Amino acid sequence: MPGVSIEGTMIPANPYDARQMVDYLGENLPEAKALIWTLNLELTPIYAIEPVGGFSRDVYEVLQSLLDGQIQEENNPEFVQRVSIPGVLTGRSVKLFSGQVVPVIEINNTRGLYGWKVNTLVSAAIESVQAEAGDAQEDAIRRTLSSFLNRIYYDLRNLGTTSQDRALNFASTNAFQAAQTFAQAVGAGYELDSITVEKSPFCRLDSDCWDVKLKFFDPENSRRAKKIYRFTIDVSDTIPVTLGEVRSWSSAY
């Protein structure tokens with residue numbers, strides 16, 4: 001990795017400088033295979049990412065692009081705040097330079113590799129339900145949807161190793177479906193109360209289905225019935241999918 005020139009001054013190569021590394025990999029993508037790519041949660045590495053198969057070069061290209069987005073300024077349209085990395089646990093582990101040992105996940109294609117910014121995701125989701133939500137409700141939906149995403153990101157964070165956790169994580173990435181739910185709930189004067197994940201009582205053959213339930217309450221009337229919205233997610237494949245339509249009903253609890 002050669003040094004870089006900044007305003008006529010040569011700066012020694014620093015592999016720990018993300019900006020230098022992104023620029024170098026942009027011109028020398030095959031070198032990405034020599035690195036240990038990690039998925040971090042709150043700056044702590046939790047998985048080592050290992051692209052495999054015929055699409056490994058494409059995966060490395062996406063990883064380089066996501067890293068480029070993460071080092072941009074927050075007001076930059078290309079800024080990446082969150083990523084989704086669908087992979088398969090290998091049972092192997094690798095020791096990082098820091099001495100930490102993390103499990104290795106394999107990725108064999110680019111399907112499901114995404115990067116996004118929370119505010120941008122919320123805005124796109126609101127646009128998808130603009131017909132149902134009036135201008136007066138837009139701010140309320142934006143606030144509630146942002147709270148829903150941040151609650152999953154920070155309060156319900158997990159390693160995504162169990163089916164239940166994967167269903168919950170997919171619910172946070174599929175904000176467009178959540179936006180439809182929030183548009184109806186906010187329009188009725190409700191606020192988000194709790195998020196639960198339960199095993200679905202029935203499912204397709206050879207599938208692994210879970211029900212994600214969002215419970216809403218009326219902050220101005222505690223005697224009003226709770227509103228529950230449920231959508232079913234099949235996590236049997238590397239990329240989860242939503243089954244059926246969103247269902248809702250009232251509950252006293």
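A salt bridge here is a side-chain nitrogen of Lys or Arg within 4 Å of a carboxyl oxygen of Asp or Glu. Keep that cut-off in mind for the domain boundary. The model on screen is predicted.

**Stop 1: the two domains**

Colour residues 1–116 as domain 1 and residues 118–252 as domain 2. Place a centroid on the C-alpha atoms of each. The centres of domain 1 and domain 2 are 30 Å apart.

**Stop 2: the boundary between them**

Now select the contact residues. Domain 1 puts 14 residues in contact with 12 residues of domain 2. About 1,100 Å² is buried between domain 1 and domain 2, and carbon and sulfur atoms give 61% of that area. On the domain 1 side, pick R82, R111 and W116. These lose the most area to domain 2, together 44% of what the domain 1 side buries.

**Stop 3: polar links across the boundary**

How many salt bridges run between domain 1 and domain 2? The count is 1. To see a salt bridge, show R111 and D237 as sticks. Their closest N and O atoms are 3.4 Å apart, which is within the 4 Å cut-off. Next, turn on polar contacts. Between domain 1 and domain 2, 5 residue pairs are in polar contact, with both residues at pLDDT 80 or more.

Which elements supply two or more residues to the side of domain 1 that touches domain 2? Select strands β4 (44–51), β5 (82–84) and β6 (88–95). Then colour that side of domain 1 by residue class. The touching residues divide into 7 nonpolar, 4 polar and 3 charged.

**Stop 4: K213**

Move on to strand β10, residues 209–217, and centre on K213 within it. Show E198 too. The side chains of K213 and E198 are joined by a polar contact of 3.0 Å. Now expand the selection around K213. Leaving out residues up to four places away in sequence, K213 touches S194, I195, T196 and E198, along with I228, Y229, R230 and W249.

**Stop 5: the disulfide**

Finally, select the cysteines C203 and C209. The structure holds 1 disulfide, and C203 and C209 form it, with their sulfur atoms 1.6 Å apart. C209 also falls within the residue range of β10, 209–217, the strand that holds K213. Is this disulfide right-handed or left-handed? Measure the torsion about the S-S bond of C203 and C209. The value is about 40 degrees, so the disulfide is right-handed.

Terms used. Residues numbered from 1 in each chain as written. Predicted model: local features only at pLDDT ≥ 70, side-chain atom pairs only at ≥ 80, totals over all residues. Heavy atoms only, no water. Domains from an automatic or database assignment. Contact = heavy atoms within 4.5 Å. Buried area = accessible area lost by both parts, 1.4 Å probe. Polar contact = N/O pair within 3.5 Å; in protein donor to acceptor, adjacent residues only side chain to side chain. Helix = DSSP H or I, 4+ residues; strand = E, 2+ residues; numbered from the N terminus. Nonpolar A, V, L, I, M, F, W, Y, C, P; charged D, E, K, R; others polar. Disulfide = S-S within 2.5 Å.
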